[in-house]
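Colleague: I'm new to this one and would like a close look at a single part. Could you walk me through the open sheet and whatever sits around it?

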Amino acid sequence: MSEFELPIKIGKIEYTNDWPIYQNFDPAQLSVPAVIHSDLPANLNRGLLEDRLFVTPVSSFAYGTRSDDFWLLPDLSVSAQNAVGSILLFSRKPVAELGSGTIALTNTSATSINLLKIILDKRYGHQPEYVSMDPQLDEMMERCDAALLIGDHAIAAAQRDTGYIITDLGLEWKEWTGLSMTFAVWAVNKRFAAVYPELVTEIGEQLRISKQRSVADLDPVIHEARQKMGGSHEYWEHYFRQLWYDFGDKEQQGLALYFQYAYELGLLDHKVNMELWTDNMMTRVNE
């Protein structure tokens, strides 16, 4: 039928932060055979960039590296209007005093790594040494002055009494720029969209409906998070409520500034022009 194997694999971030988008999503209800492929962000990123995954959430930075090859599904993101709760820098000194120290970076998220580099360079004028390590806080802090953790590793470490200063990068970004920060977007390979335009629209719509239902009733998501991670109902309700799953004008504005700074610092080698999938695109593909 095409170069794309069935069933179609639809990516899903293995961490808790995108659960509300998938809680009420059933790929069996789609018009084309499809399954959910759950994986770490770095693996989803590679799958998209290496043309092994064609519809998936990816880190915003990974999308930015080859943005011209992908559409973005509208109204879907993992963003933070203030604190994010799961992108955390652990340090012995306040972030403004880190200077030229050594920082351990989680090896699981390019967006968070580059957000930290942007904040330290652009906001504080710091150029520390960065070391990539497995996301184990104790081992990271044995070697370094600070450690960046994301996702469930950050959540688990924050619940321990480590004595470290914890800096939420979502809050840092908001206090500095006044804008929200988008950590993940839903990307679609343009070649795939040309073959399955109706399916792309269908997937986007079903994910948006799932998101809306989950946000209206978070109890099932909270129950699943408590079973997997522990913690109180109040903790997880606060965690999911402080995340933002839309991708409107304000979220696009914040992400555009992130891409601009990444380009200025040489983290990206080109300027990013975000393109959203719309019904107009589907009509154009079918003409």
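Modeller: Here is a tour of the sheet, strand by strand, and then of the helices and side chains around it.

A quick word on the ground rules. This is a predicted model, so to speak of local features I need pLDDT of at least 70, and side-chain atom pairs count only at pLDDT 80 or more, while totals for chains, interfaces and linings use all residues. Residues are numbered from 1 along each chain as its sequence is written, and side-chain values use heavy atoms, with hydrogens and water left out.

Let's start with the layout. Five strands make up an open sheet, and reading across you meet them in the order β7-β6-β8-β5-β9, with mixed pairing. Strands here are DSSP runs of E with at least two residues, helices are runs of H or I with at least four, and both are numbered from the N terminus. Two strands pair if DSSP finds at least two bridges between them. At the edges sit β7 (129-133) and β9 (165-168), each of which pairs on one side only. Going from one strand to the next, the twist averages 25°. For angles like this, axes are lines fitted to C-alpha atoms, for helices over the stretch in contact, and the angles run from 0 to 180 degrees between N-to-C directions.

Now zoom in on β5. Five of its five residues are buried, so β5 is largely enclosed by the rest of the structure. Buried means under 20% relative accessible area, exposed means over 50%, and partly exposed is in between, using a 1.4 Å probe and protein chains only. In a regular strand the side chains alternate between the two faces of the sheet. In β5, Ile87, Leu89 and Ser91 are on one side and Leu88 and Phe90 on the other, and all of them are buried, which leaves both faces covered.

β5 has a partner on either hand. Five bridges join β5 to β8, and those two strands run antiparallel; in β8, Ile150 is the bridge partner of Ile87. With β9, β5 pairs in the antiparallel sense over four bridges, and there Phe90 stands opposite Ile166. Moving along from β8, you reach β6 (residues 102-106), joined to β8 (residues 146-150) by three bridges, and this time the strands run parallel. Ala104 stands opposite Ala147 in β8.

Next, the helices on the sheet. Helix α4 (residues 110-123) packs there, touching β5 (87-91), β6, β7 and β8, and its direction makes about 150° with that of β6. Contact means heavy atoms within 4.5 Å. Helix α6 (residues 151-158) also packs on the sheet, touching β5, β8 and β9, with its direction at about 120° to that of β8.

Both of those helices take part in salt bridges as well. Side chains of opposite charge can pair when their charged atoms come close. The rule asks for a side-chain nitrogen of Lys or Arg within 4 Å of a carboxyl oxygen of Asp or Glu, and the count comes to eleven salt bridges. From α4, Arg123 pairs with Glu172, the closest N and O atoms being 3.0 Å apart. Glu172 is in helix α7, so this link spans distant parts of the chain, 49 residues apart. Glu172 counts as buried at 9% relative accessibility, whereas Arg123 is partly exposed at 30%.

From α6, Asp152 forms a salt bridge with Lys228, with 3.5 Å between the closest N and O atoms. Lys228 lies in helix α10 (residues 219-229), so the pair ties together parts that are 76 residues apart in sequence. Asp152 is buried, with a relative accessible area of 11%, while Lys228 is partly exposed at 46%.

One last stop is on β7 and α4 again. Lys117 lies over the face of Tyr130, at 5.2 Å from the ring centre. A charge sits over a ring if NZ of Lys or CZ of Arg is within 6 Å of the ring centre and within 35 degrees of the ring normal.

So the picture to keep is a five-stranded open sheet with mixed pairing, its strand β5 covered on both faces, and helices α4 and α6 packed on it.
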